[in-house]
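Biologist: Hey, got a minute to walk me through this one? I haven't looked at it before.
Modeller: Sure, here it is.
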Amino acid sequence: MAAKTRARLIQDVLGSAYILSSAVNDLMETRLHAVTGEQLTFSQLKLLKLVSRTDSYNISQVAAFLTVSTAAASKAVDRLVRRGLLIRSEAEDDRRAVELSLTSEGRRMLEEYEKLTVIALDEIFGGYSPEDLRGAAELLDRLSVNVLTHDGESAEVCYRCGIYFRDKCLLRAVSGRECHVFSREGARGGGNGDESEVK
């Protein structure tokens, strides 16, 4: 195959993957607004999902997951506490750690959101066989591993599975690196902080 044709095909794959990701994110945001109106942002939803998995995080771990500064993560937690969606307290055994848990309203909101997204995604992907979906996931996984290992620096990169909390973490499989955010209960995810604000 000519190099130009191969390059065009690679661009098509990358474009298709980006379009799929963007379209799903838009769908998720639509479902989020159906449940919360404008009350909750997608970053705040990610934080609620993180807390629903386990508790007792310090703010730097929350910041790493949200890929924001510790100051922004602290503000995001405070906003959700004020809205009655999170409970924040000091851990008994480590005053630096923060124990976060969902309030009944936070849990109800998250459950309603997940119910709507499961229905929507099943309508979209329901026409594909389990083999088709598994094959697509495996192809994307192989491509991701190739990207992560291309420069031999995969240990410094977070795969960021986002709110999907995959049990099979490609980054961990490739580099042997434990996820610093979800190691408590074996959940996988994470990120590297920046100075972005969580609204």
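Biologist: What phi does T67 take just after helix 3?
Modeller: T67 takes a positive phi of about 55 degrees, just after helix 3. Helices here are DSSP runs of H or I with at least four residues, strands are E runs of at least two, and both are numbered from the N terminus. Keep in mind that this is a predicted model, where local features need pLDDT of at least 70, side-chain atom pairs count only at pLDDT 80 or more, and totals for chains, interfaces and linings use all residues. Residues are numbered from 1 along each chain as its sequence is written, and side-chain values use heavy atoms, with hydrogens and water left out.
Biologist: And helix 3 itself, how many of its residues are buried?
Modeller: Seven of the eight, in residues 59-66, so helix 3 is largely enclosed by the rest of the structure. Buried means under 20% relative accessible area, exposed means over 50%, and partly exposed is in between, using a 1.4 Å probe and protein chains only.
Biologist: Which ones are buried?
Modeller: I59, Q61, V62, A63, A64, F65 and L66.
Biologist: What do they pack against?
Modeller: Helix 2, helix 4, strand 1 and strand 2 (98-102). Contact there means heavy atoms within 4.5 Å.
Biologist: Switching topic, how many salt bridges are there?
Modeller: The count comes to five, taking a salt bridge as a side-chain nitrogen of Lys or Arg within 4 Å of a carboxyl oxygen of Asp or Glu.
Biologist: Which residue does K49 pair with?
Modeller: E114, with the closest N and O atoms 2.9 Å apart. That pair links distant parts of the chain, as K49 is in helix 2 (residues 42-53) and E114 is in helix 5 (residues 104-125), 65 residues apart.
Biologist: Is K49 buried or exposed?
Modeller: K49 counts as buried, at 13% relative accessibility. E114 is partly exposed, at 29%.
Biologist: What about R88, which residue does it bridge to?
Modeller: R88 bridges to D78, and their closest N and O atoms are 2.6 Å apart. R88 lies in strand 1 (residues 86-90) and D78 in helix 4 (residues 70-82), so the pair ties together parts that are 10 residues apart in sequence. R88 is partly exposed at 33%, and D78 is partly exposed at 29%.
Biologist: Where do R108 and E105 lie?
Modeller: Both are in helix 5, three residues apart, about one turn of the helix. They form a salt bridge too, with closest N and O atoms 2.8 Å apart.
Biologist: Why would residues three places apart point the same way?
Modeller: Because an α-helix has 3.6 residues a turn, residues three or four places apart point the same way.
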